[in-house]
Amino acid sequence: MSPTDPVPVCGRFAPSPSGRMHLGNLFCAFLAWLCARSENGRFVLRIEDLDTSRCRRSYAQLLEDDLRHLGLDWDEGGSAGGENEPYFQSECGSLYAQALAVLRTKAHVYPCFCSRADLHAASAPHRSDGTVLYGGRCRSLSPQQAAALSDQRRPALRIEVPDAVYGFTDAHLGTYRQNLARDCGDFILRRSDGVFAYQLAVVVDDARMGVTQVVRGEDLLSSTPRQIYLQTLLGLRTPEYVHIPLLVNEQGVRLSKREKSLDAGALFARFTPEDLTGWLAFLAGQLPRPEPCTPQELCKVFRRENIPSHHIIVPDALLT
């Protein structure tokens, strides 16, 4: 199959099991499921547990139970497995290592010995949003210098990015472009503790699982050009991206995991699955008011163009 051939829709939900899911996670899972199922597509559950110090299998099982309770199903992934195993990123190290080996032949991948303090030094360049932009301090180290520093500190691995614009048309938010050198900087492929970075892992996994449609929060919009850059180097198909607005309270503050009234357990204690689905559909612009319904019922009338384009205000009635 060539990169231009049409392929069946395959969506995914890829949570990190670092705690109980909250309203924002459920909202993303709900819309990812609707986008895929409304086009008769497959749906994959991938567990992004790269950081095993924070992620637990018990949380992964709990999130599966929460998804089922809400009425969301999946064709492969999670504890059920499937033909594209493994579905837990903590089990995919050899796959990421293979991709890293390919990237070493395609671009400049180099060791970086910078500490967190180095990266946040006053002289470090920053993006317009205040995020630290890596200045390339270790990019030109000689092999001898790198070897000497390796005796003192295990390095991360970064990839040098070109002074070039990478962009795409988001299926919901429209055109987005980024000059990788100016707006992103060389980014990490593998952390100093040996854990592979999100940007590499997500590219490898979306490709090998046949994912064609990525629905996720707009806070990940700026990471997409980096992922497209890696896809280009690895010869992988770029999926359709659908970045959805974030949920905020009536004061415009983004909802936080720390708000325990919004975790799945608290929500399911207050609402039936049908009532909560009605609220999610209302927030997503699919219903004029919150009314009990099931995901399967909504699938028949779902319109992606009705999803709001800006931050979605969650009424206090749902928060308290």
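Colleague: In this predicted model, where is Pro-86 found?

Modeller: The model is a prediction. Two elements frame the position of Pro-86, strand E3 (76-77) and helix H3 (93-106). Pro-86 is in the loop between E3 and H3.

Colleague: Which kind of peptide bond joins Glu-85 and Pro-86?

Modeller: Most peptide bonds are trans. For the bond that joins Glu-85 and Pro-86, omega is about 0 degrees. That bond is cis.

Colleague: What is the phi of Asn-40 near?

Modeller: Asn-40 sits in the loop between helix H1 (23-37) and strand E2 (42-45). Most residues other than glycine have a negative phi. Asn-40 is a residue other than glycine with a positive phi, and its value is near 55 degrees.

Colleague: Is Asn-40 buried or exposed?

Modeller: A residue counts as exposed over 50% relative accessible area. Asn-40 has a relative accessible area of 76%, so Asn-40 is exposed.

Colleague: Which helix gives the most to the largest nonpolar core?

Modeller: The largest nonpolar core has 51 residues, and Phe-13, Leu-23 and Phe-27 are among those with the most contacts inside it. Elements that each supply at least two residues of this core include H1, E2, helix H2 (57-70) and helix H10 (273-283). With 12 residues, the one that gives the most to this core is H1.

Colleague: How many residues does the second, separate core have?

Modeller: This second core includes Phe-187, Val-195, Phe-196 and Tyr-241. It is separate, and its number of residues is 37.

Colleague: Is Thr-277 buried or exposed?

Modeller: Thr-277 lies in helix H10. Leaving aside neighbours within four places in sequence, its contacts include Phe-30, Leu-70 and Cys-293. Buried means under 20% relative accessible area. Thr-277 has 0%, so Thr-277 is buried.

Colleague: What separates the C-alpha atoms of Asp-263 and Leu-26?

Modeller: Asp-263 is in the loop between strand E11 (247-248) and helix H9 (264-270). At 16% relative accessibility, Asp-263 counts as buried, because the cut-off is under 20%. Asp-263 and Leu-26 are 237 residues apart along the chain, and their C-alpha atoms are separated by 9.2 Å.

Colleague: Which residue has its backbone nitrogen 2.8 Å from a polar atom of the side chain of Asp-263?

Modeller: Leaving aside neighbours within four places in sequence, Asp-263 is in contact with Arg-20, Met-21 and His-22. The side chain of Asp-263 also reaches the backbone nitrogen of Gly-265, at 3.0 Å. The backbone nitrogen at 2.8 Å belongs to Ala-266.

Note on methods
Residues numbered from 1 in each chain as written. Predicted model: local features only at pLDDT ≥ 70, side-chain atom pairs only at ≥ 80, totals over all residues. Heavy atoms only, no water. Helix = DSSP H or I, 4+ residues; strand = E, 2+ residues; numbered from the N terminus. Buried < 20%, exposed > 50% of the residue type's maximum accessible area, 1.4 Å probe, protein only. Core = buried A, V, L, I, M, F, W, Y, C linked by side-chain atoms within 4.5 Å. Contact = heavy atoms within 4.5 Å. Polar contact = N/O pair within 3.5 Å; in protein donor to acceptor, adjacent residues only side chain to side chain.
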